[in-house]
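Reader: I am new to this one. Can we go through the terms and see what stands behind them?

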Amino acid sequence: MKKYFAFLLSAVILMLASLSGCGYEYAELELRGTYDKSLEGTELTVYNWGEYLSLGEDGAIHVNKEFEKLTGIKVNYITFTSNETMYSQLKAGGTHYDIIIPSDYMIQQLINENMLQKIDMSKISNYDLIKDDYKKLYFDPNDEYSVPFNVGMVGVIYNKELTGGEIEHSWNVLWDEKFKDKVLNFDNPRDAFMTAQMILGQDLNTTDKADWDAAAELLKEGKSNLQAYVMDEIFNKMETGVAAIAPYYAGDYLTMKEVNPDLEFFYPDEGTNIFVDSICIPNNAENYDAALMYINFLLEPDIATANAEYLGYASPNTAVIENEDYAYYQNEILYPAEEDMPKVQYYHALDSETTKYYEDLWMEVKLY
Amino acid sequence: MKILSRIYIALIILFLYAPIAVMVLFSFNSSSSVWVFEGFSAKWYSELAMDDSMLTALRHTLIIAALSAVISTVLGTAAAVGISAMRNRIAKKLVMSVTQIPMMNADIVTGISLMLLFIFIGRLIGLREYLGFHTVLIAHITFNLPYVILSILPKLRQLDPHLSEAALDLGCTPLKAFFKVVVPSISTGIVTGFIMAFTLSLDDFVISQFTYGTYQTLPTFIYSMTKRSVKPDVYALSTIIFVTVFVLLILYNILQSKSEKKRTETKSY
């Protein structure tokens with residue numbers, strides 16, 4: 001009878017294991033770049049944020065499968081949950097990644113530590129599609145190491161039923177006692193401090209300890225108003241009306257709004273944080289040429305549009321922005337008109353002393 | 001009194017199974033909300049069948065679980081037999097404690113120290129690429145081993161040592177005696193150890209997180225979704241895994257009780 005059991009178990013395992021993306025229909029892609037099978041049989045390891053790529057959901061394009069079909073290169077796709085996790089994996093060594101997609105300040109840090117290699121832009125024929133605003137960014141002033149993948153800004157999401165209509169377009173609403181216990185804030189130090197730093201009119205990348213102290217004081221003050229520090233729980237809390245006000249990424253607001261139409265959004269007048277996630281090739285990449293091909297493929301209009309629609313974040317790709325069939329074409333939240341554009345600041349990589357200082361302050365705030 | 005104890009049991013079962021019941025229910029929800037049940041649909045199951053990055057992670061997890069369970073069962077059985085045959089009591093105690101330490105050790109310590117070891121050895125022998133399938137497998141075998149050993153040792157203690165001596169007397173070679181006499185009598189321990197190893201490996205997160213390199217397993221894959229939001233096809237997958245394990249356990253119990261019945265019948269002859 002143990003034999004039966006072992007047999008049953010292995011049968012079930014085999015069945016589950018052989019289940020794999022059945023029924024994906026390849027799309028007919030119109031391609032700008034040229035792709036060939038010269039690297040057929042090689043492998044490409046892509047290390048990206050979780051849920052950051054269109055992989056055939058709801059009939060959308062499966063980016064990796066299309067790339068595999070086109071080039072014969074096998075994509076080994078793995079995911080991380082934060083820049084810091086990615087960084088520690090990369091730093092620890094013992095493995096290689098051919099493509100990574102970190103955010104701005106992390107790219108700055110990786111360049112400083114000599115962990116990225118230059119991208120041969122002459123091979124990225126679709127690079128001309130990147131909007132000029134997203135070229136020559138502070139972390140890569142000569143456009144040598146990174147190709148922008150998506151862009152986002154932080155704003156405030158609120159439930160107009162619970163707040164009783166329109167509210168002041170300011171970070172102050174998070175401190176407003178009218179909304180006691182209905183307010184959420186980020187559960188990571190940099191973003192949470194940002195909300196306070198904006199009210200205080202600080203530079204987000206200040207190295208002045210007094211600035212960080214003041215921001216921490218303000219966060220402590222706001223804590224009595226706060227329901228919780230959250231990350232992805234925000235989706236449920238806002239969608240179901242458990243919380244009324246929360247800062248989060250504009251792209252994610254659009255996802256929440258689909259579930260709960262009472263949700264509204266604004267960019268605070270004091271300004272906000274903007275981020276860019278860009279595609280990079282680490283120093284220890286093993287399949288550099290395939291990586292170049294993959295980057296060019298991600299910039300293809302059809303692929304970039306599918307990704308932008310899946311992700312819901314803004315795209316730096318003009319072929320997406322100007323595509324009238326794009327689901328978020330001229331969406332005023334993702335692509336505010338020039339006069340509505342909030343004042344934005346990027347995060348920069350801070351020196352280790354400042355990082356340690358604000359992280360300690362953050363622990364104090366959380367335990368307050 | 002009886003009513004109280006019934007209520008008590010009902011409460012415990014409720015606490016144990018309510019979360020699973022809720023997950024199963026919401027895996028059939030037609031929207032992605034986990035608050036409002038908007039209608040019955042198998043949408044997330046078909047989504048899951050399409051989601052091949054998740055299925056790849058699942059396949060990795062199953063391969064690692066199966067292989068690490070088999071290997072650690074074989075190694076663990078040999079180790080348990082060796083330990084129980086040790087004559088020097090102090091040495092035996094020592095070996096037992098050494099085996100148990102990894103179980104008491106926090107996962108995070110095991111994970112980090114394994115990662116450091118892999119990186120150290122990898123650099124020492126000049127490999128460029130080492131965190132991946134092999135390191136996850138070795139890590140899982142490492143934390144599975146003590147559990148297998150501990151589930152087999154009591155069976156060996158119950159075993160009459162004269163049994164295998166009798167087999168030897170009757171002309172068995174030591175190897176044959178081991179497979180024909182010892183293994184069958186400790187087989188329940190071996191199976192328990194195997195199942196334990198399999199499930200431990202299946203849901204390990206912490207140790208895998210430090211050692212997976214480029215071979216991502218399901219728990220680490222699901223964790224990477226937490227920046228955005230965990231999709232309901234994860235509930236669908238968890239439901240399938242739960243139902244599979246549940247059905248297997250029921251089958252196992254039925255088969256076991258049948259074979260026990262058979263055994264008592266043969267004994268009464």
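Author: Start with contact: two residues are in contact if their C-beta atoms, placed from the backbone, lie within 7 Å. Bear in mind that this is a predicted model.

Reader: How many residues does the contact take from chain B and from chain A?

Author: By that cut-off, 46 residues come from chain B and 43 residues from chain A. On the side of chain B that touches chain A, the elements giving two or more residues include α3, α5 (107-124) and α12 (233-268) of chain B. That side of chain B divides into 22 nonpolar, 16 polar and eight charged residues.

Reader: Why are α3(B) and α6(B) called oblique to each other?

Author: Look at the angle. The axes of helix α3 (residues 52-84) of chain B and helix α6 (residues 133-158) of chain B cross at roughly 45 degrees. Angles under 35 degrees count as roughly parallel, and 65 to 115 as roughly perpendicular. The pair fits neither, so α3(B) and α6(B) are oblique. Their axes come within 6 Å. The crossing of α3(B) past α6(B) is right-handed.

Reader: What makes up the contact of α3(B) with α6(B)?

Author: Its residues are 18 nonpolar, eight polar and one charged.

Reader: Which domains is chain A divided into?

Author: Domain 1 covers 31-146 + 280-335, and domain 2 covers 152-274 + 342-367. Their C-alpha centres lie 28 Å apart. Twelve residues from domain 1 of chain A and 13 residues from domain 2 of chain A form the contact. Helix α4 (residues 104-112) of chain A gives the largest share of the domain 1 side, five residues.

Technical notes. Residues are numbered from 1 along each chain as its sequence is written. Chains are lettered from A and ligands numbered from 1 in the order in which they are written. This is a predicted model: local features need pLDDT of at least 70, side-chain atom pairs count only at pLDDT 80 or more; totals for chains, interfaces and linings use all residues. Domain bounds come from an automatic or database domain assignment. Helices (H or I, at least four residues) and strands (E, at least two) are DSSP runs, numbered from the N terminus. Axes are lines fitted to C-alpha atoms, for helices over the stretch in contact, and angles run from 0 to 180 degrees between N-to-C directions. Angles under 35 degrees count as roughly parallel, over 145 as roughly antiparallel, 65 to 115 as roughly perpendicular and the rest as oblique. A crossing is left-handed if the near helix is turned anticlockwise from the far one by less than a right angle, and right-handed if clockwise. Ala, Val, Leu, Ile, Met, Phe, Trp, Tyr, Cys and Pro count as nonpolar, Asp, Glu, Lys and Arg as charged, and the others, Gly among them, as polar.
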